Amino acid sequence: MATGDGMAIAYQAGAVLADLEFVQFHPTALAVKGAPRFLLSEALRGEGAVLRNVDLERFMKRYHEAGELAPRDVVARAIVTEMLRTETEYVYLDMTGRPADYVRKRFPRIYATCQGYGLDITSDLVPVRPAAHYAMGGVKTDLFGRTTLPGLYAAGETAATGVHGANRLASNSLLEGLVFGARAGAAMAQGSPAAKAKAATPNPGPQGKAAQNHLGQRGKKPNQPNYEKHANHTSRHAAGPAAPSDPVTAALEQIRTLMWKDVGILRNGRELALAIEQLDTLTIECPERALRQACELHNLWTLAQLIARSALAREESRGSHYRSDFPYHNDEDFLKHSCVARGKNICFEK
Ligand SMILES: Cc1cc2nc3c(=O)[nH]c(=O)nc-3n(C[C@H](O)[C@H](O)[C@H](O)COP(=O)(O)OP(=O)(O)OC[C@H]3O[C@@H](n4cnc5c(N)ncnc54)[C@H](O)[C@@H]3O)c2cc1C
């Protein structure tokens, strides 16, 4: 489970965080009670899988002309809208239109995982729902991993370099981790006290030179589906987790439910404001001892508040951030990054 430790720690230390409202959801995670949020690759839809609501209607064409091949955020919004409309917690992914042998060979891992939950993707409809997947925002950095706090560097998903805009293209994050991890490492080496001391001498040593060169280089710029089976599965579908037994898990569930409901895929100002109010009323102390679960809960709570505040401040829809009360882009006011720092209001900067 991602708990946002890096972002929360940087925030507590005084660094600026940016673009936190941009959270990408994967449209099709397996929605079977007791199963982890296993992702059913979007390649399935690329290979012909279709989406059906619980009444078995294909619905995507109502939302986008490309149907199931619409962009990820459009598909996620369409699924949630259908879930709300039909008062269910899932829709179906239907891969039964392709030959069973082909599906088994092309998607062996997905096939095997679903089998583990009693679902045969070649003949059954698979219950799915969106799941939080990637954070475009994070600790604000320059193109060398430097945050606004001298000496603090960030790279990877915890950082907000700006390269993903408001909606990451699939697979760019691993590339980002590689490029910006190397850049940040080189910048750290260059900015270290040892490197600075060397640079102060008339002849920089080979280590300093190497770091400089490194930085310089990087710096350049259907079969008949089994309709009976899903009736049998209905009782096992994701209807929410089992009742939590301890206070940390209980608080975690409360935050998770609140975030999914009011700060999730479809947002509006009224619900966001209510969510912020409710998050504020939770009392989650920062643990004095480094108890992992409690620290993670505090970090996650901190970040939940910041995401909700950033989402409320951005009164437009852009990328993964969709406001039903502001459904259009507003470039004039919001073609900017949201920024937040400890003790300060959200502001927008170019
Ligand atoms: C199911 C799934 C599929 C994905 N598929 C793709 C894909 O196909 N292509 C793509 O580009 N991206 C994909 N992504 C996104 C991509 O995996 C992540 O963006 C990327 O791994 C982030 O790298 P990272 O190094 O920043 O963070 P991570 O890979 O999460 O590494 C962070 C590390 O820090 C450690 N850590 C966490 N908290 C602490 C702490 N408090 N103290 C010490 N250590 C800590 C963790 O244990 C972990 O080892 C996928 C994500 C998911 C969830």
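Where is the place of Asp19? Asp19 lies in the loop between strand S1, residues 17–18, and strand S2. Let's keep that residue in mind, and I'll come back to it once we have walked around the protein.

Hi everyone. One thing to say up front: what you have in front of you is a predicted model. The protein has 13 helices and 9 strands. Of its 350 residues, 37% are buried.

Let's take the antiparallel sheet to begin with. This is an open sheet of 4 strands, and the order across it is S2-S5-S4-S3. At the edges stand S2 and S3, each of which pairs on one side only. Averaged over the sheet, and ignoring direction, neighbouring strands are turned by 45° against each other.

Now let me go through the pairs. As a reminder for anyone rusty on sheets, strands pair through backbone hydrogen bonds, in a parallel or an antiparallel way. S2 and S5 run antiparallel and are joined by 6 bridges. If you want a spot to click on, Leu30 stands opposite Val128 in S5. S2 covers residues 23–30, and 8 of its 8 residues are buried. So here we have an edge strand of the sheet that is nonetheless mostly covered.

Moving across, S4 and S5 pair in the antiparallel sense over 4 bridges. Two places to look at here: Leu93 has Val126 in S5 as its bridge partner, and Asp94 stands opposite Leu125 in S5. On its other pairing, S4 meets strand S3, residues 50–52, again antiparallel, over 3 bridges. There, Arg52 stands opposite Tyr92 in S4.

What about the two faces of S4, covered or not covered? In a regular strand, side chains alternate between the two faces of the sheet. For S4, residues 91–94, both faces are covered. Val91 and Leu93 are buried on one side, and Tyr92 and Asp94 are buried on the other. Notice that an aspartate is among those buried residues.

On to the other sheet. This one is also open, with 5 strands in the order S7-S6-S1-S8-S9, and its pairing is mixed. S7 and S9, the latter at residues 347–349, are at the edges with a single partner strand each, so one side of each has no neighbour in the sheet. S9 pairs with S8, residues 337–340, in the antiparallel sense over 3 bridges. In that pair, His337 stands opposite Glu349. Helix H1 packs on this sheet, touching S1 and strand S6, residues 138–140, and the direction of H1 makes about 40° with that of S6.

H1 has a helix contact too. H1, residues 5–13, packs against helix H12, residues 292–313, at an angle of about 75°, with the axes 9 Å apart. That angle makes the two helices roughly perpendicular. From H1, the residues in this contact are Asp5, Met7, Ala8 and Tyr11, and they meet Glu296, Asn299, Thr302, Leu303 and Leu306 of H12. Sorted by class, that is 5 nonpolar, 2 polar and 2 charged residues.

Asp5 brings us to the ligand, since Asp5 is also one of the residues around it. Others in that shell include His133, Tyr134, Glu157 and Thr158, as well as the run Ser171, Asn172, Ser173 and Leu174. Which elements give two or more residues to the shell? They are strand S5, residues 125–135, and helix H6, residues 172–191. H6 gives the most, with 4 residues. The shell as a whole has 3 nonpolar, 7 polar and 2 charged residues.

Now back to Asp19, as promised. Asp19 has a positive phi of about 55° although it is not a glycine. Ser171 from the ligand shell also has a positive phi, near 80°, and is likewise a residue other than glycine. Ser171 lies in the loop between strand S7, residues 159–160, and H6.

Are these two residues buried or exposed? Asp19 is buried, with 25 other C-beta atoms within 10 Å. Ser171 is exposed, with 8 other C-beta atoms within 10 Å. For reference, the cut-offs are 20 or more for buried and 12 or fewer for exposed.

That's the tour. Thanks for listening!

Notes:
Residues numbered from 1 in each chain as written. Predicted model: local features only at pLDDT ≥ 70, side-chain atom pairs only at ≥ 80, totals over all residues. Near = placed C-beta within 6 Å. Nonpolar A, V, L, I, M, F, W, Y, C, P; charged D, E, K, R; others polar. Axes fitted to C-alpha atoms, helices over the stretch in contact; angles between N-to-C directions. Parallel < 35°, antiparallel > 145°, perpendicular 65-115°, else oblique. Contact = placed C-beta atoms within 7 Å. Pairing = 2+ DSSP bridges.
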